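Student: I have a new model open and would like to learn how to read it. Could you walk me through it?
Tutor: Gladly; let us look at it together.

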Amino acid sequence: MNLQDTSSQLILGIESSCDDTAAAVVRHHGGKDGQRRSVVLSSIVKGQDDSHAPFGGVVPEIAARAHASRLDQVTEEALSQAGVAAADLDLIAATGGPGLMGGVMSGLTFAKGLALASQLPLIPVNHLAGHALSVGLEQDVPFPYLLLLVSGGHTQLLMVEGVTQFRRLGTTIDDAAGEAFDKTAKLLGLEGPGGPAIQRLAKAGDPSKVSLPRPLWKRPGCDFSFSGLKTAVRQQVAAEMPLSPERQADIAAAFQKTAVAHLAVRTENAMCAALTQSPVHHLVAAGGVAANEALRDALRQLADRYDWQLIVPSLRYCTDNAAMIAHAGGLMQAEGMAPDQDALAFSPRARWPLDEKEDATTLGKGRKGRKV
Ligand code: KG4
Ligand code: ZN
């Protein structure tokens, strides 16, 4: 990579908004072409699946305690893997929300302590902005681009027009997509993280053998809904108990096919709406559910049909990580959003919509925090 090192910054990122404790070190550069890039020197992510598994979902108090006890070690690991000391850093970027309050508070308080002790500037970063800009960790994608953000806590379609300019085109009116995958996996009695378990099982199933309702079918717009689909799966499972392994696979396949078709149709509506307003030709998918192969295939076909380019970050940057927080912090600083003393007074936010204008409604709480 041909990087101009004039404004190189060594940035520590901290992420703790849900059930992953993460720290990363990136070197953030301005390139000769004006594009800004981050080279990831380390990215450590420690999950908490084992701690939450007995409860069938993320328990906020357990998550907060786990973050508090691991942040030290995860950060030390990130620094030592990057081969740098805290004294070498130029900036700390920490998730300031949205997410589970206890988790965000743990990470932000830790980052504030470190910033004070090392006399480093701190920049609080919106977790959703981290996801929205994460694609820049691996590729130069020009603004504006259309983003499908699909994770355990969020399902949104956003026009990303700049580092801090986001226009929300659609959001979920009930459950997040990842939440629907996780709940369906639970209904089918599958172990481990729900999304990958459904994806695995769906390969062995025949989706045409189970009829499930398509959410918001033939309705215009870019919003999403998953609760009706989840209820239909629950009723199907209840009617057929005990499920044979074949039926289990058929239901998983039908659920995945329906959920993916829903995500693709609403994305297509957003592409059509976006085209009337700006010359956009890039579709970016981010968040844990963007790891789903069937979804990637559907989005690729969609992008091909419209002659758009589909870009999906590598799995390690699709799911929660701190490199995306460090990268977003670097971009924000370069935009002149210089961190100052106020960052130390910044309070963690459970809710922090990217597009404040569109956020007139509060959509309730999901398993992994509030959905915005
Ligand atoms: O972005 P992420 O790591 O954390 C949140 O911010 O939520 O996303 C986690 C979500 C979970 O709901 C998980 O089941 C889902 O992403 N997921 C998948 C797949 N891998 C992870 N969903 C469908 N298919 C997958 N392969
Ligand atoms: Zn996330």
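Student: In which sense do β6 and β9 pair, and over how many bridges?

Tutor: Keep in mind that this is a predicted model. To read a strand pair, follow the chain direction of both partners. Here β6 and β9 run parallel, joined over four bridges. Within this region, Leu146 stands opposite Leu283 in β9.

Student: What is the strand order of the open sheet, and which strands are at its edges?

Tutor: For a sheet, walk from one side to the other. The order is β8-β7-β6-β9-β10, five strands with mixed pairing. The edge strands are β8 (166–171) and β10 (309–311), each of which pairs on one side only. On average, neighbouring strands of this sheet are turned by 20 degrees against each other, ignoring direction.

Student: Which helices pack on that sheet?

Tutor: Look for contacts first, then for the angle. Helix α8 lies across β6, β7, β8 and β9, and runs at about 155 degrees to β6. Helix α9 touches β6, β9 and β10, with its direction at about 155 degrees to that of β10.

Student: Which residues touch the most other members of the largest nonpolar core?

Tutor: For a core, ask who the best-connected members are and which elements supply them. This core has 47 residues, and those touching the most other members are Leu146, Val150, Leu212, Phe226, Phe255, Leu263 and Leu299. Several elements supply at least two residues each, among them β6 (145–150), β7 (155–160), α8 and α9 (293–306). The largest share, twelve residues, comes from α8. Zooming in on Leu212, its contacts beyond four places in sequence are Leu229, Ala232, Val233, Ala254, Phe255 and Thr258. There is also a second, separate core of 35 residues, which includes Val125, Leu128, Tyr145 and Ala326.

Student: Is Pro245 in α8 buried or exposed?

Tutor: Relative accessible area is the value to check, and over 50% counts as exposed. Pro245 has 57%, so this residue is exposed. Pro245 belongs to helix α8 (residues 245–275). Distance in sequence and distance in space are separate questions: Pro245 and Gly205 are 40 residues apart along the chain and 9.3 Å apart C-alpha to C-alpha.

Student: Which protein atoms are donors of the zinc ion (ligand 2)?

Tutor: List the donors, then their angles. The protein donors are His127 (NE2), His131 (NE2) and Asp320 (OD), at 2.1 to 2.2 Å from the zinc ion. Along the chain, the donors follow the spacing H-x3-H-x188-D. His131 sits in helix α4 (residues 127–133) and Asp320 in the loop between α10 (315–318) and α11 (323–334), so the pair ties together parts that are 189 residues apart in sequence. His131 and Asp320 are both buried.

Student: Why is the arrangement around the zinc ion (ligand 2) irregular?

Tutor: Start from the ideal: four tetrahedral donors would have angles of 109.5 degrees. To count as tetrahedral, all angles must lie between 85 and 135 degrees. Around the zinc ion (ligand 2), the four donor atoms subtend angles of 90 to 142 degrees, so the arrangement is irregular.

Student: How many residues of strand β2 are buried?

Tutor: Count along the strand. Eleven of the twelve residues in β2 (residues 20–31) are buried, so this strand is largely enclosed by the rest of the structure. β2 runs antiparallel to β3 (residues 36–47), and eleven bridges join them. One facing pair is Ala23 and Ile44 in β3. The two strands form a hairpin with four residues between them, and Gly34 in the turn has a positive phi of about 90 degrees.

Definitions and conventions:
Residues are numbered from 1 along each chain as its sequence is written. Chains are lettered from A and ligands numbered from 1 in the order in which they are written. This is a predicted model: local features need pLDDT of at least 70, side-chain atom pairs count only at pLDDT 80 or more; totals for chains, interfaces and linings use all residues. Side-chain values use heavy atoms; hydrogens and water are left out. Buried means under 20% relative accessible area, exposed over 50%, partly exposed in between (1.4 Å probe, protein chains only). A nonpolar core is a set of buried Ala, Val, Leu, Ile, Met, Phe, Trp, Tyr and Cys residues joined through side-chain atoms within 4.5 Å. Contact means heavy atoms within 4.5 Å. Donors are N, O and S atoms within 2.8 Å of the metal (3.2 Å for Na, K and Ca); water is not among the atoms, so sites may look incomplete. Four donors count as tetrahedral if all angles lie between 85 and 135 degrees; four count as square planar and six as octahedral if opposite donors are over 155 degrees apart and all others between 65 and 115; anything else is irregular. Two strands pair if DSSP finds at least two bridges between them. Axes are lines fitted to C-alpha atoms, for helices over the stretch in contact, and angles run from 0 to 180 degrees between N-to-C directions.
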